[in-house]
Amino acid sequence: MINKIEKIRQNIAEFRPKTQADIEEFRVRILGRKGELTELFEEFKTVAPEMKRELGKKMNELKNFAQDTINQLKTDFESQEIECERTDMTRPASADGIGSRHPISLVKNEIFDIFKRIGFTLTDGPEIEDDFHVFSALNFPPEHPARDMQDTFFIEKNPDILLRTHTSSLEVRTMERQKPPIRVICPGRVFRNEAISYRAHCIFHQVEGLYIDENVSFADLKQAILYFAKEMFGEQTQIRLRPSYFPFTEPSAEVDVSCNLCGGKGCPVCKQTGWLEIMGAGMTDPNVLEACGIDSKKYTGFAFGMGVERIAMLKYGVKDLRLYFENDLRFLEQFEAAL
Ligand code: PHE
């Protein structure tokens, strides 16, 4: 009998009902008039008198255990049902947050869209580069300060392998691959050994443009940039080119746009000048064409390179460059509407 008691106890402990009807069925099986316990009590009558005391105690314990367990299961099920009733299944689901694009991506895509409309196609290339593509092919003399450790990150002290400091390396890669006419736009991340502050970072983004064909002139460069500036900052925008120097363009220029905040009158953002610098540009140096296997007698071209963070700062009025890299949701959520 002891074994039977133990077996029933185990069955009760392991019982896992799926519905309320299961519990009732189980209750009848164990505690019902023809149930297992009733049967056991019948058997108890035949037990030797000296065993009765001990067995009787065990059987009462088992009965209490069965009753308690079944009651507990019933109340558990009832409260679950109330929970279900409280949930209004017809209510529309609450929308999941869908996130937003990063302002740098937004501006990068917009720059590409603008140039796409005048026939430029997209290309990219490696962030880890060699000296040839970042410097030598771009006409940087061996003693140029950009090749210094102060400005460039080198990989494992090997002066030939480095993180690209500008996307102009993509000009070289494109010209190696493709013969003129070439009209490409190349976005990418660039790296410079700079102290991080509100206006400088060691990682930032550039977009490079390159156009090589017969008879490409400085007027074409000016026109392409003017078109870009008007599309990006508004129809009233004007541009100004100041003479400058880059080893890979001749002549070279820094390009300013009229300040879209004060309309050119002068404000703190444009430092009272009415102009904001947005890019470097120029006519591709014949030495660069030759280094990339393009006949510089037959072809000419222009190139430009702009900082995406800089354009985004001007477009959205962001004053601290570090915000782009911190992934603070309070900052990023402000660009949701710009999807
Ligand atoms: N690579 C230059 C820079 O990083 C920008 C540039 C690109 C200038 C193309 C001229 C032509 O400052």
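This passage describes a three-stranded sheet and a pair of helices in a predicted model. Residues are numbered from 1 along each chain as its sequence is written. In this predicted model, local features need pLDDT of at least 70, side-chain atom pairs count only at pLDDT 80 or more, and totals for chains, interfaces and linings use all residues, while side-chain values use heavy atoms and leave out hydrogens and water.

Helices (H or I, at least four residues) and strands (E, at least two) are DSSP runs, numbered from the N terminus. Two strands pair if DSSP finds at least two bridges between them. The sheet is open, with three strands in the order 2-4-3 and antiparallel pairing. Strand 2 (128-130) and strand 3 (154-155) are at the edges with a single partner strand each, so one side of each has no neighbour in the sheet.

Three antiparallel bridges join strand 2 to strand 4 (residues 158-163). E129 has L162 of strand 4 as its bridge partner. Strand 3 pairs with strand 4 over two bridges, again antiparallel. Here F154 stands opposite L162. The hairpin of strand 3 and strand 4 has two residues between the strands, and E156 takes a positive phi near 50°.

Helix 1 (residues 2-14) and helix 2 (residues 20-31) have axes that come within 12 Å and cross at roughly 170°. Axes are lines fitted to C-alpha atoms, for helices over the stretch in contact, and angles run from 0 to 180 degrees between N-to-C directions. The two helices are therefore roughly antiparallel (over 145 degrees). I8, N11 and I12 of helix 1 meet F26, R29 and I30 of helix 2, with contact meaning heavy atoms within 4.5 Å.

Note on methods: Angles under 35 degrees count as roughly parallel, over 145 as roughly antiparallel, 65 to 115 as roughly perpendicular and the rest as oblique.
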